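Notebook open, coffee at hand. I want to go through this one from the whole chain down to single residues and jot down what I look up.

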Amino acid sequence: MRIAIVGAGPAGSYCASLLARQGADVTLFDRQATAWEKPCGGGVPPKVRERFAEVLAYDGPRRAVDVGVFTSPSGLPVRLQSGRPMWIIERKLFDGYLRELAKQTGAKFIHQRIRRVEQAGREVVLHGAHEYRFDFVIGADGCFSVVRRDLLGPIPKHLVSMTVGYFIEAQQTEAVTWFLPKPGYVWAYPRPDHICLGGGSSDPTLDMWAEVERIRVAHYPTAVVRQKWAAPIPFIRDPSFFRRPTTGANFAVIGDAAGHVDALTGEGILYALWGGALLAQALPAGDHRHYEVAWHDAYGRELEKTSDLSARFYDPRTMERVFGVAARSATLRRYLMDIMTDQPSYLETGRMFMRRLPMIGLDLLRSLW
Ligand SMILES: Cc1cc2nc3c(=O)[nH]c(=O)nc-3n(C[C@H](O)[C@H](O)[C@H](O)COP(=O)(O)OP(=O)(O)OC[C@H]3O[C@@H](n4cnc5c(N)ncnc54)[C@H](O)[C@@H]3O)c2cc1C
């Protein structure tokens, strides 16, 4: 079977390497000749490197960050410390590593922007500067996936959010997040040699450029701006989206093209790799439709839960209450850090919270004395 993968980001490259390792005939397409600095926080929590040996083996530059400083909409700061650091990587290098892995295991690479995809009998035709015919196509071409648009329909506009920001020449050791008076936040993630400063919101009335600029001027007034960027991210606030199909007769979508991003944290690298791995298991076994069942079982319910929780979590009034308690309770601070960086499943958060509730109560009582 001739397999095409459109998009050599983490989802496409990782899936290509696993398929090629099994002897499949795989061709990877990307509109960028080499890996590029995709606008992204670059946060890779421990659960990602523990799940994927290839990520653990990544020895490119990264910053290990174990302190997060969060500021509430009214300006109340809370410092969270984790025993297990998050890596912050540069996407050009990390994606380059995965793309190289795919090539080394035998995937072919073609530098080509695919503009249109169509089914022609049993084949799928990719239209770029040339025409290519395959037996199966995998859409790993991100949030505005052409494969998805032409074979399944795009991710609806109201489930996509625009993020904006800068790469600035500054150094810090902590990951900093400022929550805004309307649902949304600005973050500053320290990369090995610069900071990724960016913001996103689900509220279209919020001027995100103005919010990010306000933080830049206030906190990094002298830092040189290396690059200004804007990028879309699937922000799936409707859990029913995850019941829509991600496969068809001879195609499947993975990663951002499938909308597989955590609606609480905006993290998608985990699901890009995980979805790619599940499809690479199902496809050679002759049952690509099993990918649909497999990702639902593995992380689909978890993604639904993040959709469900995000509207409540980002409500500035809820946020203010949570910060008010967290400022006085070390137990709640630890719980929040677990959720943000390390927690195995959001399905456990309710039970985990109930177990810690008596200790949180005790912390609050102690704080009065
Ligand atoms: C501002 C921002 C911050 C983020 N922060 C984090 C974070 O800290 N941690 C985290 O885990 N996730 C984060 N994410 C999410 C993460 O970046 C994505 O979930 C992840 O990159 C998805 O990987 P992917 O391979 O599916 O898609 P992508 O990384 O988007 O890769 C798609 C690839 O397809 C190529 N392509 C697109 N269209 C075509 C075409 N027509 N023809 C050929 N090639 C094409 C592109 O060039 C690209 O290489 C963030 C996202 C944004 C926007």
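My entries follow, starting with the overall picture.

**Overall**

I'm working with a predicted model here, not an experimental one. First I pulled the secondary structure: eleven helices and 17 strands. Then I looked up the radius of gyration, which is 21 Å; the globule rule gives 21 Å for 369 residues, so the protein is as compact as a globular protein of that length. The box around the C-alpha atoms, taken along the principal axes, is roughly 75 × 45 × 40 Å. I also noted that 45% of the 369 residues count as buried. Of the contacts with a separation of 6 or more, 71% are between residues 24 or more positions apart.

**Domains**

The domain assignment gives me two entries: domain 1 covers 2–38 + 91–157 + 237–311, and domain 2 covers 315–368. I get 36 Å between their C-alpha centres. Six residues from domain 1 and five residues from domain 2 take part in the contact. On the domain 1 side I see one nonpolar, two polar and three charged residues.

**The eight-stranded sheet**

Next up is an open sheet of eight strands, and I wrote down the order as β3-β5-β4-β12-β13-β14-β11-β15, with mixed pairing. Which strands stand at the edges? They are β3 (43–44) and β15; each has a single partner strand, so one side of each is left without a neighbour in the sheet. At the β3 end, I find two bridges to strand β5 (residues 77–89), in the antiparallel sense. There, Gly43 sits opposite Ile88 of β5.

**Strand β14**

I spent some time on β14 (residues 195–201). Seven of its seven residues are buried, so I log the strand as largely enclosed by the rest of the structure. Ile195, Leu197, Gly199 and Ser201 point one way, while Cys196, Gly198 and Gly200 point the other, and both sets are buried.

I then checked the strands that pair with β14. Strand β13 (residues 184–190) runs antiparallel to β14 and is joined to it by seven bridges. One pair I noted is Tyr185 with Gly200. These two strands make a hairpin, with four residues between them. Strand β11 (residues 160–169) is also antiparallel to β14, through five bridges. Tyr166 has Leu197 as its bridge partner in that strand.

**Around the ligand**

How many residues lie around the ligand, and which come nearest? I count 37 in the shell, and the nearest are Gly7, Gly9, Gly41, Gly255 and Gly268. By class, the shell splits into 17 nonpolar, 13 polar and seven charged residues. Elements supplying at least two shell residues each include α1 (10–21), β2 (25–30), β15 (224–234) and α7 (269–282). I note that β15 turns up here as well as at an edge of the eight-stranded sheet.

**Gly268**

I followed up on Gly268, one of the residues nearest the ligand. Gly268 is in the loop between β17 (251–253) and α7. Buried or exposed? I have Gly268 down as buried, because 24 other C-beta atoms lie within 10 Å and the cut-off is 20 or more. Setting aside residues up to four places away in sequence, Gly268 touches Gly255, Asp256, His260, Val261 and Asp262. Gly255 is also on the list of residues nearest the ligand. For a longer distance, I took Gly268 to Ala170: 98 residues along the chain, and 25 Å between the C-alpha atoms.

**Asp141**

Where is Asp141? I find Asp141 in the loop between β10 (136–139) and α5 (146–151). Asp141 is buried, with 29 other C-beta atoms within 10 Å. Beyond its neighbours within four places in sequence, Asp141 is in contact with Val6, Gly7, Val146, Val147 and Ala257. Gly7 is another residue from the nearest-to-ligand list. I also checked Asp141 against Ile254: they are 113 residues apart in sequence, but 8.5 Å apart C-alpha to C-alpha.

**Glu213**

Last entry. Glu213 is in helix α6 (residues 208–219). I log Glu213 as partly exposed because it has 17 C-beta neighbours inside 10 Å. From Glu213 to His288 I get 75 residues in sequence and 46 Å in space, C-alpha to C-alpha.

Terms used: Residues are numbered from 1 along each chain as its sequence is written. This is a predicted model: local features need pLDDT of at least 70, side-chain atom pairs count only at pLDDT 80 or more; totals for chains, interfaces and linings use all residues. The radius of gyration is taken over C-alpha atoms; the globule rule is 2.2 Å times the number of residues to the power 0.38. A residue is buried if 20 or more other C-beta atoms lie within 10 Å of its own, exposed if 12 or fewer, and partly exposed in between; C-beta atoms are placed from the backbone. Two residues are in contact if their C-beta atoms, placed from the backbone, lie within 7 Å. A residue is near a molecule or strand if its C-beta atom, placed from the backbone, lies within 6 Å of it. Ala, Val, Leu, Ile, Met, Phe, Trp, Tyr, Cys and Pro count as nonpolar, Asp, Glu, Lys and Arg as charged, and the others, Gly among them, as polar. Domain bounds come from an automatic or database domain assignment. Two strands pair if DSSP finds at least two bridges between them.
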